[in-house]
Amino acid sequence: MQVLTDRFGRAHDYIRISVTDRCNLRCVYCMPEEGLKFLPHEKVLSKDEIVDFMKIMAQFGIKKVRITGGEPLLRTDIVDIVSGIANIPEIEDVAVTTNAMYLNKKAEALKEAGLSRINVSLDSLQADRFKEITRGGRLQKVLDGIQKAEEVGLFPIKLNVVLIKGQNDDEIIDFLKFTKDKDINIRFIEYMPIGHAGNSWKKKYLSLNTIFEACKEAGFEYEPVDTVKGNGPSENYRIKGAKGTFGLIHPVSSHFCTSCNRLRLTADGYIKACLYWDEELNIRPYIQNNPEELMKIVQQSIDNKPESHEMALKLQDEDTSHKPTWRRMSQIGG
């Protein structure tokens, strides 16, 4: 089997597919308060296009898939999309990232369709603050969704916490305590400059060394672990005696580009080899009628993939070698 490899020797076996740019929340790091102009429905890839695309990609070594958005559970055919991908013989792992507003209703059907595991965005454990960060979200609905995911056997469950300076950094201890009695992986993620033209994002950025400082302050002893299933770049730890774990994802302060194995497909059919840079190539016209041309374009995207996304240079006000993406995080899929 031909493996999709770039000029730096990085083999790509993982893809993140955005199935919609729509979302029922307006998280402060993901979307402007006024929202975004969403794609017309006809501009969004259909279920058949997504599944057909994955049948092609599976022949070139892609075996792990994460379905994202926007909010993927807004798709009325999301269960069929998961089933279609999970039934491709070469696919070993299908995951979803969700805000969990509809997870309680759909978790069982998703599990039966072949979903392996789930990531939930959860940036506060305080109802009022959660509503503020998400601009309207209901914390209890998320917690109910997480409980339902546990009941139906989705594992591991990972909770994504974007650390926001001055907004939720005083909850670090609460999140760490959350792992003591639940076999859940809390993942702290650095605030990124995705879709931000200026430098305002820096006011909200906080190095993840803050997590270790919080552990020390609380008297928590922790140790590294390598038993958390997944495809991401998280460095994982366990507080001694805890059932669950916590992880650190620091794309800005300590990027993981040298081991990047992922591609991204936007909801409107553009392949992206790097989250941060603006290069994206349209593969939609070729999914169902010209797989050879499609794979040429995919390989071209991989061939053009830079060695690094250089977000750290943005933090230091230094020039970067490429142009950052114009899309907001919700328009890429993370």
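A nonpolar core is a set of buried Ala, Val, Leu, Ile, Met, Phe, Trp, Tyr and Cys residues joined through side-chain atoms within 4.5 Å. With that idea in hand, you can start exploring the structure above, which is a predicted model. Its largest nonpolar core has 94 residues, and helix H1 gives the most to this core. From there, this briefing visits two helix pairs, a buried arginine and a few spots in the loops.

**The nonpolar core**

- In soluble globular proteins, nonpolar side chains tend to be buried together.
- Which residues touch the most other members of the largest core here? They are Ile15, Phe53, Met54, Met57, Ile67, Phe188 and Phe246, out of 94 residues.
- Helix H1 supplies six residues to this core, the most of any contributor.
- Take Ile15 as a place to zoom in: leaving out residues up to four places away in sequence, Ile15 touches Phe53, Met54 and Met57, among others.
- The contacts of Ile15 also include Ile62, Lys64, Val65 and Arg66, as well as Leu263, Arg264, Leu265 and Ile271.

**Helix H1 against helix H8**

- Two packed helices are described by the angle between their axes and the distance between the axes.
- Helix H1 covers residues 47–58 and helix H8 covers residues 291–303; their axes come within 11 Å and cross at roughly 70°.
- Angles of 65 to 115 degrees count as roughly perpendicular, so H1 is roughly perpendicular to H8.
- On the H1 side, the residues that meet H8 are Phe53, Ile56 and Met57. Their partners in H8 are Pro291, Leu294, Met295 and Val298.
- How do the residues of this contact divide into nonpolar, polar and charged? Seven are nonpolar, with no polar and no charged residues in the contact of H1 with H8.
- Phe53 and Met57 may look familiar: both are listed with the core residues that touch the most other members, and both are touched by Ile15.

**Helix H6 against helix H7**

- Helix H6 (residues 172–181) and helix H7 (residues 209–218) have axes that come within 10 Å and cross at roughly 75°.
- That angle makes H6 roughly perpendicular to H7.
- From H6, Ile172, Ile173 and Leu176 take part in the contact, meeting Thr210, Ile211, Ala214, Cys215 and Ala218 in H7.
- Here the contact residues divide into seven nonpolar, one polar and no charged.

**A buried arginine**

- Find Arg327 in the loop between helix H9 (311–315) and helix H10 (329–332).
- Is Arg327 buried or exposed? Arg327 is buried, because its relative accessible area is 4% and the cut-off for buried is under 20%.
- Which side chains make polar contacts with the side chain of Arg327? One is the side chain of Asp268, at 3.3 Å, and another is that of Glu280, at 2.8 Å.

**Backbone details in the loops**

- Most residues other than glycine have a negative phi, and most peptide bonds are trans.
- Gly69 and Gly70 are joined by a cis peptide bond, with omega about 20°. Gly70 sits in the loop between strand S4 (64–68) and helix H2 (78–86).
- Phe155 and Pro156 are also joined by a cis peptide bond, with omega about 0°. Pro156 belongs to the loop between helix H5 (139–152) and strand S7 (157–163).
- Ala100 is not a glycine, yet its phi is positive, at about 70°. You will find Ala100 in the loop between strand S5 (93–98) and H3, where it is buried at 0% relative accessibility.
- Arg135 has a positive phi of about 55°, although it is not a glycine either. Its loop runs between helix H4 (127–134) and H5, and Arg135 is partly exposed, with a relative accessible area of 30%.

**Two more loop residues**

- Ser116, in the loop between helix H3 (103–113) and strand S6 (117–121), is buried with a relative accessible area of 17%.
- Beyond residues up to four places away in sequence, Ser116 touches Asp93, Val94, Leu154 and Phe155. Phe155 is also part of the cis peptide bond with Pro156.
- Gln126 lies in the loop between S6 and H4 and is partly exposed, at 34% relative accessibility.
- Setting aside neighbours within four places in sequence, Gln126 is in contact with Leu139 and Glu171.
- Gln126 and Leu139 are 13 residues apart in sequence, and their C-alpha atoms are 7.5 Å apart in space.

Key: Residues are numbered from 1 along each chain as its sequence is written. This is a predicted model: local features need pLDDT of at least 70, side-chain atom pairs count only at pLDDT 80 or more; totals for chains, interfaces and linings use all residues. Side-chain values use heavy atoms; hydrogens and water are left out. Axes are lines fitted to C-alpha atoms, for helices over the stretch in contact, and angles run from 0 to 180 degrees between N-to-C directions. Helices (H or I, at least four residues) and strands (E, at least two) are DSSP runs, numbered from the N terminus. Angles under 35 degrees count as roughly parallel, over 145 as roughly antiparallel, 65 to 115 as roughly perpendicular and the rest as oblique. Contact means heavy atoms within 4.5 Å. Ala, Val, Leu, Ile, Met, Phe, Trp, Tyr, Cys and Pro count as nonpolar, Asp, Glu, Lys and Arg as charged, and the others, Gly among them, as polar. Buried means under 20% relative accessible area, exposed over 50%, partly exposed in between (1.4 Å probe, protein chains only). A polar contact is a pair of N or O atoms within 3.5 Å; within protein, one must be able to donate a hydrogen and the other to accept it, and residues adjacent in sequence count only if both atoms are side-chain atoms.
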